[in-house]
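User: I'm new to this one and I'd like the reasoning behind the labels. Can you take me through it step by step?

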Amino acid sequence: MTKQRYPSLTKMVLQDLVQHKWVVLLGAVVVINALSIVYVAHLNRQLTTERDDLLSYRDTLDREWRHLVIEQNALTEHSRVERIAQEQLGMRDVTSDTEVMVSW
């Protein structure tokens, strides 16, 4: 009885890889493509989150600006300025008795 020798498993795998190199190459391309899709989806989610944060910040700034405009309008209202001039500075409306004309 003769001893039958089997080729080693690694040798058989390497022979198959060399023989089917296009299949191996296409498999590598598929894996690289899948990883790139995952990476791009991750970047897209990050950008979407950043955009949402910036839109929220813009809305906050817009709301603050509107409040400041309302406050400015209230502070520059004519009746308020007139009341402060009368109460704090003691200013009064000019009458014909107190009016003084200066000529050059």
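User: What makes Asp 62 and Arg 66 about one turn of the helix apart?

Analyst: Both residues lie in helix α2, with their positions 4 residues apart in the count, and that spacing is about one turn of the helix. Keep in mind that this is a predicted model.

User: Why is the contact between Asp 62 and Arg 66 called a salt bridge?

Analyst: The N to O distance between their side chains is 3.1 Å. The cut-off is within 4 Å, for a side-chain nitrogen of Lys or Arg and a carboxyl oxygen of Asp or Glu. An Arg and an Asp at 3.1 Å fit that, so the name applies.

User: Are those two residues buried or partly exposed?

Analyst: Partly exposed: Asp 62 has 35% relative accessibility, and Arg 66 has 42%. Buried would need under 20% and exposed over 50%, so both values land in between.

User: How many salt bridges are there in the structure?

Analyst: The structure holds 4. Among them is the one between Arg 58 and Asp 59, where the closest N and O atoms are 3.6 Å apart. Another joins Glu 87 and Arg 83, at 3.9 Å from N to O. Because the limit is within 4 Å, the 3.9 Å pair still counts.

User: How do you know which of Arg 58 and Asp 59 is exposed and which is partly exposed?

Analyst: Arg 58 has a relative accessible area of 52%, and exposed means over 50%, so Arg 58 is exposed. Asp 59 has 37%, which falls between 20% and 50%, so Asp 59 is partly exposed.

User: And where do Glu 87 and Arg 83 sit?

Analyst: They are in helix α3 (residues 78-88), 4 residues apart, so about one helical turn separates them. Glu 87 is exposed because its 57% passes the 50% mark, while Arg 83 is partly exposed at 42%.

User: Which residues form the nonpolar patch on the surface?

Analyst: Leu 9, Val 13, Leu 14, Leu 17 and Val 24, with about 460 Å² of accessible area together. Helix α1 (residues 9-19) gives the largest share, 4 residues. Val 24 is found in helix α2 (residues 21-75). A patch residue needs over 30% relative accessible area, and Val 24 has 41%, so Val 24 meets that condition.

User: What does Met 91 touch?

Analyst: Leaving out residues up to four places away in sequence, Met 91 touches Ala 85 and Gln 86. Met 91 lies in the segment after α3. With 47% relative accessible area, under the 50% needed for exposed, Met 91 is partly exposed.

User: Now the whole protein. What elements does the protein have?

Analyst: There are 3 helices and 0 strands, running α-α-α from the N terminus. The radius of gyration is 42 Å, well over the 13 Å that the globule rule gives for 104 residues, so the protein is more spread out than a compact globule. The C-alpha atoms fill a box of roughly 145 × 30 × 15 Å along the principal axes. Buried residues make up 1% of the 104.

User: Which element has the highest mean pLDDT and which the lowest?

Analyst: Helix α2 has the highest, at 96, and α3 the lowest, at 84. The protein averages 90, and 96% of the residues score at least 70.

How values were computed:
Residues numbered from 1 in each chain as written. Predicted model: local features only at pLDDT ≥ 70, side-chain atom pairs only at ≥ 80, totals over all residues. Heavy atoms only, no water. Patch = residues over 30% accessible without salt bridge, like charges linked within 9 Å, V, L, I, M, F, W, Y side chains within 5 Å. Areas by Shrake-Rupley, 256 points an atom, 1.4 Å probe, with all protein chains shown as cover. Helix = DSSP H or I, 4+ residues; strand = E, 2+ residues; numbered from the N terminus. Buried < 20%, exposed > 50% of the residue type's maximum accessible area, 1.4 Å probe, protein only. Contact = heavy atoms within 4.5 Å. pLDDT = per-residue confidence, 0-100. Rg over C-alpha atoms; globule rule 2.2 N^0.38 Å.
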